[in-house]
There are 2 protein chains.
Amino acid sequence: MANPEKSSTSAVAEVAVARPAARGRGHGRATLATVAAQACVASMTVSRYLRAPDQVGRETGDRIASALASTGYTPNKHAGMLASGRSSLVAAIIPSIASPLFAETVQGLSDSLRGHGLELLLASTNYSLEREEEQIRAVLGWSPSALVVTGRRHSDAALAMMRQAVTVGLPVLEMWDHDAVDRSFVQVGFSHRQVGDMMARHLLAKGYRDLAYVQTGVPEDFRAAERGEAFAARVRKAGAAARMFHAPRIEPLAAGRHALREMLAAGLPRAVAFANDNLAAGACLQALEQKISVPGEIALLGFGDFPLSRQIAGGISTVGVGPYDIGVACARQLLRMVTQGGLIGPARGRSSLRLPQLLPRATT
Amino acid sequence: MANPEKSSTSAVAEVAVARPAARGRGHGRATLATVAAQACVASMTVSRYLRAPDQVGRETGDRIASALASTGYTPNKHAGMLASGRSSLVAAIIPSIASPLFAETVQGLSDSLRGHGLELLLASTNYSLEREEEQIRAVLGWSPSALVVTGRRHSDAALAMMRQAVTVGLPVLEMWDHDAVDRSFVQVGFSHRQVGDMMARHLLAKGYRDLAYVQTGVPEDFRAAERGEAFAARVRKAGAAARMFHAPRIEPLAAGRHALREMLAAGLPRAVAFANDNLAAGACLQALEQKISVPGEIALLGFGDFPLSRQIAGGISTVGVGPYDIGVACARQLLRMVTQGGLIGPARGRSSLRLPQLLPRATT
DNA sequence: TTGAAAGCGCTAACAG
DNA sequence: CTGTTAGCGCTTTCAA
């Protein structure tokens with residue numbers, strides 16, 4: 001400490017080099033001060049070098065670079081965030097990580113965000129509005145630079161937080177849904193009612209009249225429910241019958257099998273639409289095993305265009321929604337809102353309606 | 001400002017209530033000071049109330065509670081982290097979000113972490129070691145309280161960061177792999193060589209001698225490569241033949257189909273092991289369509305026990321590895337390391353070897 | 001039970 | 001081109 005031969009490095013530098021480590025508050029990692037001391041500059045210069053190397057002298061820069069390397073410095077993003085007021089985090093809240101559909105969307109989001117220096121903070125709700133509320137509260141604590149939620153149905157408290165966020169200038173985005181009337185937030189998705197309607201029209205147009213719809217085993221999935229309702233409504237309007245079945249809450253392929261057996265017992269409908277492709281695929285496998293001809297005896301229509309549906313029975317007819325593109329579109333939208341809006345004032349942005357496509361294949 | 005009728009709230013309170021908002025540094029959200037002002041206490045008391053309500057007086061607590069509610073206060077986790085030195089983030093780095101296997105693991109991890117106040121910061125590498133290195137660097141900036149990486153193969157720089165992290169007291173964990181020799185970090189997983197060996201033994205035990213192995217279309221997947229090598233080694237040791245095929249880098253089910261056609265052209269082997277169940281399932285579907293009897297003419301063995309493999313051809317034989325449980329085990333391990341280790345000294349922990357299981361079904 | 005002071009590591013704003 | 005100063009919002013420590 002009391003070193004009479006103290007070199008030209010300043011006292012401040014000395015302290016910093018002495019690694020606070022292992023005692024008191026610091027956590028022993030190198031900080032800007034550590035690097036600055038080693039390079040014999042002010043920490044501000046190091047900070048500047050990190051973000052705008054051009055604004056730092058050649059020789060100074062080199063010294064800093066080697067100090068950076070030798071200390072193994074990693075910037076503390078919390079400190080940066082706190083000081084600058086902006087974080088590089090985008091919070092995304094999805095119903096389930098394991099769903100192939102949402103996984104694709106997340107991949108698209110993450111792929112597009114990278115390269116813009118934004119990182120993804122992911123949370124899943126398991127289709128529970130309560131958990132969604134908790135998760136929103138939790139991620140807001142990280143001051144994300146944008147918030148992406150799934151769907152347009154939220155608890156009151158969640159809605160309040162989302163609105164509050166918007167007034168503070170935080171871009172909030174609802175994905176995987178779209179509604180022309182309820183437009184409180186920017187939406188990137190499609191109308192599930194329209195999808196249900198589209199599915200019914202397709203089967204009706206093929207001449208099927210004795211129809212059924214198989215709901216998912218997850219009743220909390222509002223969007224799936226909407227598709228089912230719209231399906232039934234359209235069928236009724238056409239003066240035909242639409243029986244509703246509910247798949248059990250088990251692994252989807254097995255649930256699809258189960259649904260087909262149930263329908264068999266109740267009297268096979270002429271054509272069935274499913275809440276998703278996995279259910280349809282399961283039912284299809286079951287039908288083929290029982291030598292029930294598809295679509296001869298029963299027509300099958302799925303939703304989601306999962307890879308699997310392309311491979312079974314010559315291709316299961318389905319509805320494609322481009323999950324990856326939803327993620328990409330979200331990212332584009334967010335980037336626009338983040339850069340344009342600054343942090344002040346309600347975030348403006350355009351909703352973008354994705355158009356689902358009916359993909360007729362071999363099962364209808 | 002110069003309000004002569006200034007009430008009993010202190011000057012500090014006045015300033016805080018006046019919402020710094022929209023100008024300068026603050027971002028306009030309520031802070032501890034805002035709440036404290038409204039409750040006429042010091043911000044320290046609010047902070048205390050938030051973490052240990054018992055240490056605050058009844059009546060004071062009530063006032064704080066209502067101030068909290070009316071301001072819609074959300075704690076700024078960055079500030080908390082910076083001040084306390086510990087964050088509630090666990091960083092996990094996986095090859096791909098879209099893979100059903102890793103998705104399961106992430107779900108297990110996240111399910112187990114919740115309830116312990118830990119959040120998941122997820123990053124994916126797309127099987128690239130370079131990207132892994134970048135991602136490790138990036139997540140370390142968030143001072144996570146633990147780091148989970150996938151596999152035991154890393155770039156030199158990544159290894160250096162991981163080792164550095166350990167010396168600083170940060171628990172680092174490798175999942176989805178296990179090696180008795182190379183034990184630099186705590187491992188939670190299984191030996192892929194053992195799996196390859198196990199697969200070969202199974203087919204050999206069934207009497208098959210003309211064997212093949214289909215590698216994934218992702219050559220960067222070292223673990224899959226290891227399984228293949230071990231498979232080939234065991235087969236050679238048994239004095240039999242093992243031809244290697246490489247699936248194209250396309251959607252796995254389609255790739256499996258492609259692989260089967262390729263084998264057909266090259267002369268069908270008697271039994272084939274695949275790098276994963278999706279490849280096996282694709283091949284199986286192709287075989288059935290071409291009226292090739294399974295396992296009569298060709299036996300099929302997958303890896304991963306995907307839900308799909310249970311549903312095709314009476315069940316595809318495969319190897320189960322319990323991906324969800326890997327996540328759960330990681331979480332348990334981490335929690336132990338985080339709580340025990342404090343922040344000082346190299347983090348100790350026990351590796352845990354998961355035992356993969358061969359699940360003989362209808363295709364072998 | 002409560003509060004004042006100091007500081008976590010960084011950056012904005014302003015000097016030199 | 002470089003440095004100084006003053007915080008960001010919270011928690012630690014210590015004093016009342």
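**Exercise 1. The surface near DNA strand D**

How do the residues of the surface near DNA strand D divide into nonpolar, polar and charged? Work that out, then find where these residues come from.

*Solution.* Keep in mind that this is a predicted model.

Step 1: Start with the classes. The surface near DNA strand D has 12 nonpolar, 12 polar and two charged residues.

Step 2: Look for the nearest ones. Among the 26 residues around strand D, those that come nearest are Gly57(A), Leu32(B), Ser47(B), Ala79(B) and Ala83(B).

Step 3: Assign elements. Helices H3 (43–51) and H5 (77–84) of chain A each supply at least two residues, and so do H3 (43–51) and H5 (77–84) of chain B. The top contributor is H5(B), with five residues.

**Exercise 2. Now DNA strand C**

Repeat the analysis for DNA strand C: which residues are closest, and which element gives the most?

*Solution.* Step 1: Strand C is surrounded by 25 residues, and the closest are Leu32(A), Ser47(A), Ala79(A), Ala83(A) and Gly57(B).

Step 2: The elements giving two or more residues are H3 and H5 of chain A, along with H3 and H5 of chain B. Here H5(A) gives the most, with five residues.

Step 3: By class, you get 12 nonpolar, 12 polar and one charged.

**Exercise 3. Two chains, one axis**

Work out how chain B is related to chain A, and what each chain puts into the contact.

*Solution.* Step 1: Superpose the copies. A turn of 180 degrees and a shift of 0.1 Å along the axis lay chain B on chain A with an RMSD of 0.1 Å. That's the relation of a two-fold axis.

Step 2: Find the axis on chain B. The C-alpha of His78(B) is the nearest to it in that chain, at 2.4 Å.

Step 3: Compare the two sides. Both copies use the same surface, since 100% of chain B's contact residues recur in chain A.

Step 4: Count the residues. Chain B brings 44 residues to the contact and chain A brings 44. On chain B's side, two or more residues come from each of H5, helix H6 (100–113), strand E2 (119–124), helix H7 (129–140) and H12. That side has 22 nonpolar, 15 polar and seven charged residues.

**Exercise 4. Helix H12 of chain B**

Decide whether H12(B) is largely enclosed or left open by the rest of the structure.

*Solution.* Step 1: Check the geometry. H12(B) covers residues 277–289, 13 residues in all, and spans 18 Å from first C-alpha to last, close to the 18 Å expected at 1.5 Å a residue.

Step 2: Count the buried residues. Of the 13 residues, 11 are buried, so H12(B) is largely enclosed by the rest of the structure. Among the buried ones are Asp277(B), Leu279(B), Cys284(B) and Gln286(B).

Step 3: See what does the covering. The cover includes strand E6 (210–215), helix H11 (252–266), strand E8 (271–274), strand E9 (299–301) and strand E10 (318–320) of chain B.

Step 4: Follow the chain onward. Just after H12(B), Lys291(B) has a positive phi of about 60 degrees. In the loop between H12 and E9 of chain B sits Pro295(B), and the peptide bond from Val294(B) to Pro295(B) is cis, with omega near 5 degrees.

**Exercise 5. Two positive phi values**

Classify Cys40(B) and Ser143(B) as buried, partly exposed or exposed.

*Solution.* Step 1: Cys40(B) is in the loop between helix H2 (32–39) and H3 of chain B. Its phi is near 55 degrees, positive in a residue other than glycine. With 16 C-beta neighbours inside 10 Å, Cys40(B) counts as partly exposed.

Step 2: Ser143(B) is in the loop between H7 and strand E3 (146–150) of chain B. Ser143(B) isn't a glycine either, yet has a positive phi of about 40 degrees. There are 22 other C-beta atoms within 10 Å, so Ser143(B) is buried.

**Exercise 6. How far to trust chain A**

Which stretch of chain A has a pLDDT below 50?

*Solution.* Step 1: Take the whole chain. Chain A averages a pLDDT of 89, and 90% of the residues score at least 70.

Step 2: Find the weak stretch. Residues 1–25 of chain A have a pLDDT below 50, and beyond near neighbours in sequence this stretch has 18 contacts in the model.

Definitions and conventions:
Residues numbered from 1 in each chain as written. Chains lettered and ligands numbered in written order. Predicted model: local features only at pLDDT ≥ 70, side-chain atom pairs only at ≥ 80, totals over all residues. Near = placed C-beta within 6 Å. Helix = DSSP H or I, 4+ residues; strand = E, 2+ residues; numbered from the N terminus. Nonpolar A, V, L, I, M, F, W, Y, C, P; charged D, E, K, R; others polar. Least-squares fit on C-alpha atoms with pLDDT ≥ 70 in both. Contact = placed C-beta atoms within 7 Å. pLDDT = per-residue confidence, 0-100. Expected span 1.5 Å × (residues − 1). Buried ≥ 20, exposed ≤ 12 C-beta atoms within 10 Å, placed from the backbone.
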